[in-house]
Amino acid sequence: MIESDAPVTLDDSGDTVPTDWTPAALSDDIPAASAAPGQLGAHDLAIWRSASGRIAAWADRCPHRGMRLSHGFVRGERLSCIYHGWGYGEGGRCVRIPAHPELAPPEAIRVPVFSAAEASGVIWVAEDAPDSPPPEFPGLAAFRSLQVAAAPEAVAAALGGTGTVIEATLAGLSVVALIQPLRDGAAGLHLLAPEDSDPAALDALSAAVEALRRRVEAAEEAAA
Amino acid sequence: MILYDYILSPSCYRVRLLAALIGRRLDLRAVDVHPGQEHLSEPMLALNPAGTIPVLSDDGLVLTESTAILSYLAARHAPDWLGEDTPAMRARVAQWLAFSQRLTDSAGAARAHDMLLAPGDIDALRGQATKALRELEAALSAARRRGESFLAGNRPTIADIACFPHVALAPDGGLPLDPYPSIRLWMRAIRALDGFVEMPGIHRLHELKPEPGPMPEVIRKEQA
């Protein structure tokens, strides 16, 4: 184990190695032509997938009037703001202003863009462009994302680990838990389960992780 | 079929939404709930001594509970929406109809507190609403694992319509929906249904409508 605030992952020998990526959502939770809110540190994100399947993570703020872009809608390869329909394409650049359909929007109108990549059914985000891709977890499939009203360290400890990537056994299944720090002292918990698990085993896993959340939150509340 | 209606009431919207989805026209009578307090006027109390809306009046039948109105509309005009294929499906519909009252009493009460200055212990209401939303999220994620998009199976029923409004409007009561990916996808599935109608605070899926074209000629000429 290494001591670091940076997210870590497991290498082939099961040791932890650092990654500059932060887990933000599960791929299945953001299907083609849809957008969802996310977080990276102090940043609010609009995580969205184009009609052709490309994933992107942008600042969750329309440069026009500040509306959250995660409330927006996707047509083709563009994310549009729900407020006045300004549409943004490749690199966050404004490509369409519906009230002025013949205007080519100035290049300066741009949404700040973050790095986003997918591996093993998890969407990872980063502020800069990390040197290596996000980690793969062979044999595992993304299961559920939950939020826990407790510190990431407390969630990790309840799973018997530390850091961002934790191997644990829950409801008899060998799972990987990815812990995401969220604002207000909360944690995102993205779970991966063996890909051949049957539905009943996954129901039991879901119940086990809900129970774990209740325990961690009760302990956090008692300590407050 | 007369519906005594208030545009900002999620319970009235349940009825308007189902009627639209099954293609039935309602004779709407607007009741000035806020600020007029018309639902507490003598003529309205004569119709419904509880002083609540919606009230449905049809052929001498007067119904004052929105879930009963949903059952009546579906039974009369679109029995598929009752979800009575099997004893289990019928029970799931009954379960979620009863659950929808918990949403009204928690998320709905939190919204009434924040928007209409209704009395209430807002922290307790949000706590109860969070428990209900987590329960819904867990159930919908289990449904997704079985390839189902709705609460009682692979097609929408009155149970979905009963639960949808107070969930969609929960952010008005200080309850963000960001933590609930399966709820988000379920709401998308409902908003994508043929005949879906909006209420203030719940918008349609813009991407399902054709993109606005160029300005019509007539407007261009006026501008010139």
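## A walk through chains A and B

Start by selecting Pro181 of chain A: Pro181(A) stands opposite Ala187(A), and Ala187(A) sits in β16(A). Keep in mind as you look around that this is a predicted model.

**Stop 1: the pair of strands**

Now widen the selection to residues 173-181 of chain A, which make up β15, and residues 187-194 of chain A, which make up β16. How many bridges join β15 to β16 in chain A? There are six, and the two strands run antiparallel.

**Stop 2: the whole sheet**

Add the neighbours. In chain A, β15 and β16 belong to an open sheet of four strands, and if you step across it you meet β13, β16, β15 and β14 in that order, with antiparallel pairing. Which strands form the edges? Those are β13 and β14 (165-170) of chain A, each of which pairs on one side only. Turn the view to look across the strands: the twist averages 30° from one strand to the next.

**Stop 3: the helix on the sheet**

With the sheet still showing, bring in α2 of chain A, residues 199-223. This helix packs on the sheet and touches β13, β14, β15 and β16 of chain A. Compare its direction with that of β13(A) and you get an angle of about 30°.

**Stop 4: where the chains touch**

Next, show both chains together. Chain A brings 20 residues to the contact and chain B brings 18. On the chain A side, the elements giving two or more residues are β4 (34-40), β7 (73-75), β13 (140-148) and α2 (199-223). Which element gives the largest share of that side? Our helix from the last stop, α2(A), does, with five residues. Colour the chain A side by class and you'll find 11 nonpolar, four polar and five charged residues.

**Stop 5: over to chain B**

Hide chain A and split chain B in two: the domain assignment gives domain 1 as 2-79 and domain 2 as 81-196. Their centres, taken over C-alpha atoms, are 20 Å apart. Where the two domains of chain B meet, domain 1 supplies 18 residues and domain 2 supplies 16.

Zoom in on the domain 1 side of that contact. The elements of chain B that give two or more residues there are α1 (10-21) and α3 (66-77). Select α1(B) to see the largest share, eight residues. For a last colouring, go by class again: this side of domain 1 of chain B has 12 nonpolar residues, five polar ones and one charged one.

Technical notes:
Residues numbered from 1 in each chain as written. Chains lettered and ligands numbered in written order. Predicted model: local features only at pLDDT ≥ 70, side-chain atom pairs only at ≥ 80, totals over all residues. Domains from an automatic or database assignment. Contact = placed C-beta atoms within 7 Å. Nonpolar A, V, L, I, M, F, W, Y, C, P; charged D, E, K, R; others polar. Pairing = 2+ DSSP bridges. Axes fitted to C-alpha atoms, helices over the stretch in contact; angles between N-to-C directions.
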